[in-house]
Amino acid sequence: MAQKDYYKTLGVDKNATDDEIKKAFRKLAHQHHPDKPSGNAEKFKEINEANQVLSDKSKRAQYDQFGSEHVNQPGAGGNPFGGAGGFDFSGEDLGDIFGNMGDMFGFGGGRGGGRREQRGEDIAVDVELKLRDAVFGIEEEFSLNKLGQCDTCHGSGGAPGTKVDTCKTCGGRGQVVRIQHTILGAMQTASTCGDCRGTGKKPEKECKDCRGTGTHKKIDEIKIKIPAGIHDGESIRVTGRGAAAPHGGQAGDLYVRIHVARDKNLQVQGDDIYSEVHISFPMAALGGEAKTHTVEGEVTIKIPDGVQTGELIRLKGKGGMRRGGARADHLVRVTVETPKKLSRTAKKLLEELKKELE
Ligand SMILES: [Zn+2]
Ligand SMILES: [Zn+2]
């Protein structure tokens with residue numbers, strides 16, 4: 001396996017910031033998406049691979065040090081989580097996400113074992129949002145490299161135009177019954193017909209693009225509406241957008257788990273949002289106006305006279321979005337700054353003030 005230059009693939013500098021990598025990836029992914037006239041599946045795959053490594057701090061560090069052969073890539077070449085920038089997915093997370101969501105949606109324990117119904121696998125992806133977008137909602141787009149329905153046979157597994165016959169093995173019942181003669185008498189066992197995989201039908205000729213399975217790997221362009229007021233750690237289920245099922249069965253679901261990025265100016269507590277304001281102590285005494293941040297950007301707020309450090313100024317309806325659409329409050333935590341360096345005039349004035357207040 002040759003060493004790959006992921007930086008070159010994305011056309012960024014070795015010292016590129018996360019943001020630059022994200023931007024470069026989005027641009028290239030857009031340009032080379034296989035659904036586009038300018039698309040190129042091979043190139044798209046390379047871009048995805050480069051992004052998956054460079055957008056992940058630990059993988060990037062590993063890559064910088066040891067090169068592409070040593071980067072731990074989950075399912076190299078066939079990684080189903082070809083997420084766009086910021087849609088990070090690391091292999092180790094899979095179990096946890098399914099574990100948690102299993103509790104949430106009540107399909108715990110169903111993965112991989114037990115019932116063998118012809119349903120496609122569920123897929124989980126992670127999406128990181130800015131706080132603002134979590135509050136107001138946003139439409140997210142990303143591409144997912146997954147097992148999809150075969151375009152040639154539309155999932156049937158039969159070559160186009162071929163006749164579909166009743167399965168001769170099971171006579172169309174989808175099950176084969178075997179009678180075993182034992183010392184206790186005749187015992188009857190039924191099992192899924194291996195020839196038609198339980199469908200009861202068999203195409204005369206198999207589709208050669210999917211070898212009769214009805215599925216193959218493809219890139220799915222996912223567009224989802226993230227509702228306003230979503231919280232960090234919550235998931236959205238997109239029914240039927242998981243992996244396709246073999247032989248035209250029901251597709252699995254896609255779970256989009258939301259991560260809300262930390263905002264350097266804002267803290268979140270439930271639906272309430274907090275910010276800080278630092279004011280001089282004359283302003284604390286006299287009142288005035290000062291600037292602070294909210295989810296809607298920088299705003300000017302009124303400082304009431306006599307405000308103390310630690311006091312909260314409430315901006316009604318400027319916080320997070322509650323379920324049902326009403327806005328929670330925004331709270332501004334006040335810090336009164338005591339001046340450390342005083343001009344001669346300031347010192348004189350403060351001494352006069354001190355006397356006045358004594
Ligand atoms: Zn096919
Ligand atoms: Zn059969």
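## H154 and the loop between β2 and β3

Let's start with H154, which sits in the loop between β2 and β3. In this predicted model, H154 has a phi near 55°, a positive value in a residue other than glycine. The residue is also exposed, its relative accessible area being 60%.

A cysteine in this loop is worth a look too. C153 lies between β2 (138-149) and β3 (164-166), and C153 is buried. Neighbours in sequence, then, but with opposite labels: C153 is buried, whereas H154 is exposed.

## R211 and the loop between β6 and β7

Now turn to R211, whose place is in the loop between β6 and β7. R211 is not a glycine, yet its phi is positive, at about 55°. With a relative accessible area of 70%, R211 counts as exposed.

Here again a cysteine belongs in the picture. C210 is found in the loop between β6 (201-203) and β7 (215-226), and C210 is buried. R211, by contrast, is exposed.

## The zinc ion (ligand 1)

What do these two loops have to do with a metal? C153 and C210 both give their SG atoms to the zinc ion (ligand 1), together with the SG atoms of C150 and C207, at 2.2 to 2.4 Å. C153 belongs to the β2-β3 loop and C210 to the β6-β7 loop, so this pair ties together parts that are 57 residues apart in sequence.

The geometry is easy to describe. Angles of 102 to 117° are subtended by the four donor atoms around the zinc ion (ligand 1), which makes the arrangement tetrahedral; the label requires every angle to lie between 85 and 135 degrees. Read along the chain, the donors of this ion follow the spacing C-x2-C-x53-C-x2-C.

## The zinc ion (ligand 2)

Which residues hold the other zinc ion, ligand 2? Its coordination comes from the SG atoms of C167, C170, C193 and C196, at 2.2 to 2.3 Å. C167 and C170 are both buried.

The site of the zinc ion (ligand 2) is tetrahedral, with angles of 102 to 115° among its four donor atoms. The donor spacing along the chain reads C-x2-C-x22-C-x2-C for this ion. If you have the sequence open, you can set that pattern beside C-x2-C-x53-C-x2-C, the one for the zinc ion (ligand 1).

## A cluster of three tyrosines

Away from the metals, there are aromatic contacts to enjoy: the structure holds two aromatic pairs. In one of them, the ring centres of Y6 and Y63 are 4.6 Å apart and the planes meet at 40°, so the pair is tilted. Y6 is in helix α1 (residues 6-10) and Y63 in helix α4 (residues 57-66), so that the pair links distant parts of the chain, 57 residues apart. Y6 and Y63 are both buried.

Y7 and Y63 also form an aromatic pair, again tilted, with 5.9 Å from centre to centre and 40° between the planes. Y7 lies in helix α1 and Y63 in helix α4, so this pair ties together parts that are 56 residues apart in sequence. Buried or exposed, where does Y7 fall? At 2% relative accessibility, Y7 counts as buried. Y63 is buried as well, with a relative accessible area of 7%. Taken together, Y6, Y7 and Y63 make up one aromatic cluster.

Conventions: Residues numbered from 1 in each chain as written. Chains lettered and ligands numbered in written order. Predicted model: local features only at pLDDT ≥ 70, side-chain atom pairs only at ≥ 80, totals over all residues. Heavy atoms only, no water. Donors = N, O, S within 2.8 Å, 3.2 Å for Na, K, Ca; no water. Tetrahedral: all angles 85-135°; square planar, octahedral: opposite > 155°, others 65-115°. Buried < 20%, exposed > 50% of the residue type's maximum accessible area, 1.4 Å probe, protein only. Phe/Tyr/Trp six-rings, centres within 6.5 Å; stacked < 30°, edge-to-face > 60°. Helix = DSSP H or I, 4+ residues; strand = E, 2+ residues; numbered from the N terminus.
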